[in-house]
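Subject: Handing over the structure

Hello,

Here is the structure I promised to pass on to you. Please open it alongside this email, and then read on for what I found in it.

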Amino acid sequence: MQEPLVGTEAGAGAWASDFFGGLNALPPEAIAVLTQVLEAMATQPGFQQARRAMVHELGLAAGSRVLDGGCGTGAALADLAEVVGTQGQIVGVDPTTAFIARARQRAAEAGIPNAVYQTGDVRSLPFSDGTFDAALCDKVLIHVGPPGAVLGELVRVTKPGGRVGALEWQPHFFLSTTRPQLESRFNGVFRQAMHNLCAAANLPRYFREAGLTDIRTHTDLISTDDLDDHPFWRVFVVDQLPAFVQAGLLEAEEGRELAADLEQLGAHGEFRAAFVVVHAVGTRPGVRVDERVPGSG
Ligand SMILES: C[S@@+](CC[C@H](N)C(=O)[O-])C[C@H]1O[C@@H](n2cnc3c(N)ncnc32)[C@H](O)[C@@H]1O
């Protein structure tokens, strides 16, 4: 008998992903827009602080080797380079060729030759067990599953005693609008489009199921009262509306009405928006090779 599809976690067993798993088929213009969206997310101060906190909790040191699974355009590069230094190594893996090209360009522009970016699937990494001191994924589990396949690989390639981190957000916006039904339609877009909308809330369970121990999670509320305090807000709640309409996720009239409403609220200082970001860090059980008592094998 087949597993029921309704009422179970999206992609509970099988490998699956949302549109982020098929970006190589998109035209360059669409990739350029997505690159801007990723940049807006990566530089939004709340996301940035959460990512830095996660990187800090990975316990990396100068000379460490770290894996960024689903690295995208290499948004985490500066944060990782700051801790591993020039003697360490940063390896990023992502299937989207245009993102890997951008990540390589980012590393070259920043003068960080010890950052290596390559195409690949985080669920099937081309590295031996225990290659890295730590591994992370940032905004990947919401798009790619199952979580056991993603985290399982991050755990496998991390040294015993090393840490694995994941950062996720739940794109369900607390949003000011004079039209409550449009708030529901807007949040419904993410509910339809994301592979695993609730990944953020389930990180502790995913980490335990992946065999990680000493699991720590931290939840942040990211909020604003200004549509223009960072490009992220306008990019996400206004500029993307036509794309949602084009994808058949919103009616054209709904997109126009919501955009006008949010602009008007913004003009009166009455715009408010917020959402939740969670990061988790856990330890791969075992003793690090470099911490074993000499002669203990
Ligand atoms: C929302 S983006 C996050 C990118 C980056 N971590 C960041 O924070 O900017 C999701 C990323 O997952 C990547 N992705 C999709 N399928 C993947 C897979 N099977 N393995 C690794 N990455 C994947 C996409 O190409 C995209 O770069």
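One thing to keep in mind from the start: this is a predicted model. I will go through the sheet, then the helices, then two unusual spots in the backbone, and finish with the ligand.

**The sheet**

A good place to begin is the open sheet, which is built from seven strands. Across the sheet the strands follow the order 4-3-2-5-7-9-8, and their pairing is mixed. The edges belong to strand 4 (115-118) and strand 8 (213-224); each has a single partner strand, so one side of each has no neighbour in the sheet. From one strand to the next, the twist averages 15 degrees.

As a general reminder, the strands of a sheet pair through backbone hydrogen bonds, and the pairing can be parallel or antiparallel. You can find both kinds around strand 7 (residues 158-175). With strand 9 (residues 273-283), strand 7 pairs in the antiparallel sense, over 10 bridges. To locate this pairing on your screen, look for Arg163, whose bridge partner in strand 9 is Thr283. Ala166 is another handy marker, with Ala280 as its bridge partner in strand 9. With strand 5, on the other hand, strand 7 runs parallel, and six bridges join the two. There, Asp138 has Leu167 of strand 7 as its bridge partner.

**Helices on the sheet and on each other**

Two packed helices are described by the angle between their axes and the distance between the axes. Three such pairs are worth a look.

The first involves helix 2 (residues 45-57) and helix 3 (residues 77-84), whose axes are 10 Å apart and make an angle of about 30 degrees. An angle under 35 degrees counts as roughly parallel, and these two helices are therefore roughly parallel to each other. Their crossing is right-handed. Where do they meet? Helix 2 brings Arg51, Arg52 and Val55, and helix 3 brings Asp79, Leu80 and Val83. By class, the residues of this contact are three nonpolar and three charged, with no polar ones.

Next come helix 1 (residues 28-43) and helix 8 (residues 231-239). Their axes come within 8 Å and cross at roughly 135 degrees, which makes helix 1 oblique to helix 8. The crossing is left-handed. On the helix 1 side the contact is made by Gln36, Val37, Ala40 and Met41, and on the helix 8 side by Pro231, Phe232 and Val235. Six of the residues in this contact are nonpolar and one is polar, with no charged residue.

The third pair is helix 6 (residues 180-193) and helix 10 (residues 252-267), with axes that come within 10 Å and cross at roughly 115 degrees. Helix 6 and helix 10 are therefore roughly perpendicular to each other. This crossing is left-handed. Leu182, Arg185 and Phe186 of helix 6 make the contact with Glu254, Glu257, Leu258 and Asp261 of helix 10. The contact has three nonpolar and four charged residues, and no polar ones.

**Two spots in the backbone**

Which residues are joined by a cis peptide bond? They are Gly145 and Pro146, with omega at about 0 degrees. You will find Pro146 in the loop between strand 6 (144-145) and helix 5 (147-157).

The other spot is Lys139, which has a positive phi of about 60 degrees although Lys139 is not a glycine. Lys139 lies in the loop between strand 5 and strand 6.

**Around the ligand**

Last, how many residues surround the ligand? There are 23, and the closest are Gly70, Gly72, Ala75, Thr96 and Val122. Sorted by class, this shell has 11 nonpolar, seven polar and five charged residues.

If you would like a short route through the model, start at the strand 7 and strand 9 pairing, go on to the cis bond between Gly145 and Pro146, and end at the residues that surround the ligand.

Enjoy exploring!

Best wishes

Note on methods: Residues numbered from 1 in each chain as written. Predicted model: local features only at pLDDT ≥ 70, side-chain atom pairs only at ≥ 80, totals over all residues. Axes fitted to C-alpha atoms, helices over the stretch in contact; angles between N-to-C directions. Helix = DSSP H or I, 4+ residues; strand = E, 2+ residues; numbered from the N terminus. Parallel < 35°, antiparallel > 145°, perpendicular 65-115°, else oblique. Left-handed = near helix turned anticlockwise from the far one by under 90°. Contact = placed C-beta atoms within 7 Å. Nonpolar A, V, L, I, M, F, W, Y, C, P; charged D, E, K, R; others polar. Near = placed C-beta within 6 Å. Pairing = 2+ DSSP bridges.
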